[in-house]
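Here is a short report on a protein and DNA model. Look at the structure first, then read on.

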Number of protein chains: 2
Amino acid sequence: MKLDRRIDIKLTPQRLAILECLVGNTSHPSASDIYKSVFEKFPTMSFATVYNTLETLKEKGVVVELSIDPDKKRFDPNTIPHHHLLCLRCKIIKDIFEKFSLVLSESEEYNFDIIGNHVDFYGICPQCKGVESNKHK
Amino acid sequence: MKLDRRIDIKLTPQRLAILECLVGNTSHPSASDIYKSVFEKFPTMSFATVYNTLETLKEKGVVVELSIDPDKKRFDPNTIPHHHLLCLRCKIIKDIFEKFSLVLSESEEYNFDIIGNHVDFYGICPQCKGVESNKHK
DNA sequence: ATGTGTGCAAACGCTTTGCAATTTG
DNA sequence: CAAATTGCAAAGCGTTTGCACACAT
């Protein structure tokens, strides 16, 4: 999250609380996670504000929206390009900083203007391996 | 979609209609897309049946669920490992058959049992480039 | 008869929206 | 003060669920 450079938005208390929740947060929280976390110290916080703020931060390039979790959007305050590893059971997401060479042949570009790419790895995390209660579903 | 091998499920008319909709379908349809398409020829089709059938087909390895589209799950009857290219405006998805070397260093595996990976490319498709009505949002 | 699949409608979770009241620069 | 932001509640959309009915072996 680029907090060192000036982000040109009005800094309301609500936004500051959301930013504070995001700085250094490597849990890839959903909007709901953020709402719950911020609500504790800020009981008037509303979902609308969380979603509005996330949208603004996305536009400013301060956070990135992930679609690795099929159930909901999750947000990453780390804007350094990197990839992710998802546990299919508990949905924890780990960061992957390995660099891959992902060059498309011209025929596979389909004349798109390619903006970016993202590698998702899927697996089972050490905590979920062997935990009987997680084996079904 | 592996229709050449026997898939061990009861082939009801509803399931056949859904399979027929999926065979050779490269549009990566959502459940709703499939429902709409099948409903035309099968007016008693219900959402429940579409979702139930997709779940069954997923378990049998006949279709793959994609999470590249942040708005909804989409389904791919092509089970040959491949990657995808999404247009951020119209959400069309193209298949990418390029092979990439995606080896994780041990430290980046976080002790996960890694099951698979998927490369998502993002961009703007030729149809959406320069279409004024798509430029905002 | 037993188990499996279907269809409907309700419910659910995540996300968006409209709008009046408030706050910010 | 003008413009932007907030909070609330309702609505929207994709998805899941419970249950009665139908079907197949």
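Which residues are closest to DNA strand C? They are A:Y51, A:K73, B:T12, B:Q14 and B:T44, among 18 residues that surround the strand. A residue counts as near if one of its heavy atoms lies within 4 Å.

This is a predicted model: local features need pLDDT of at least 70, side-chain atom pairs count only at pLDDT 80 or more, and totals for chains, interfaces and linings use all residues. Residues are numbered from 1 along each chain as its sequence is written, chains are lettered from A and ligands numbered from 1 in the order in which they are written, and side-chain values use heavy atoms, leaving out hydrogens and water.

**DNA strand C**

Of the strand's atoms within 4 Å of the protein, 82% belong to sugar or phosphate. The rest belong to bases. Distances to its phosphate oxygens follow.

| Residue | Polar atom | Distance |
|---|---|---|
| A:L11 | backbone | 3.5 Å |
| A:K73 | backbone | 2.9 Å |
| B:T44 | side chain | 2.6 Å |

**Chain A and chain B**

A:K73 also forms a salt bridge with B:D71, with the closest N and O atoms 3.6 Å apart. Such a bridge is a side-chain nitrogen of Lys or Arg within 4 Å of a carboxyl oxygen of Asp or Glu. The count between the two chains is 4 salt bridges.

The contact (heavy atoms within 4.5 Å) takes 42 residues from chain A and 42 residues from chain B.

Note on methods. Polar contact = N/O pair within 3.5 Å; in protein donor to acceptor, adjacent residues only side chain to side chain.
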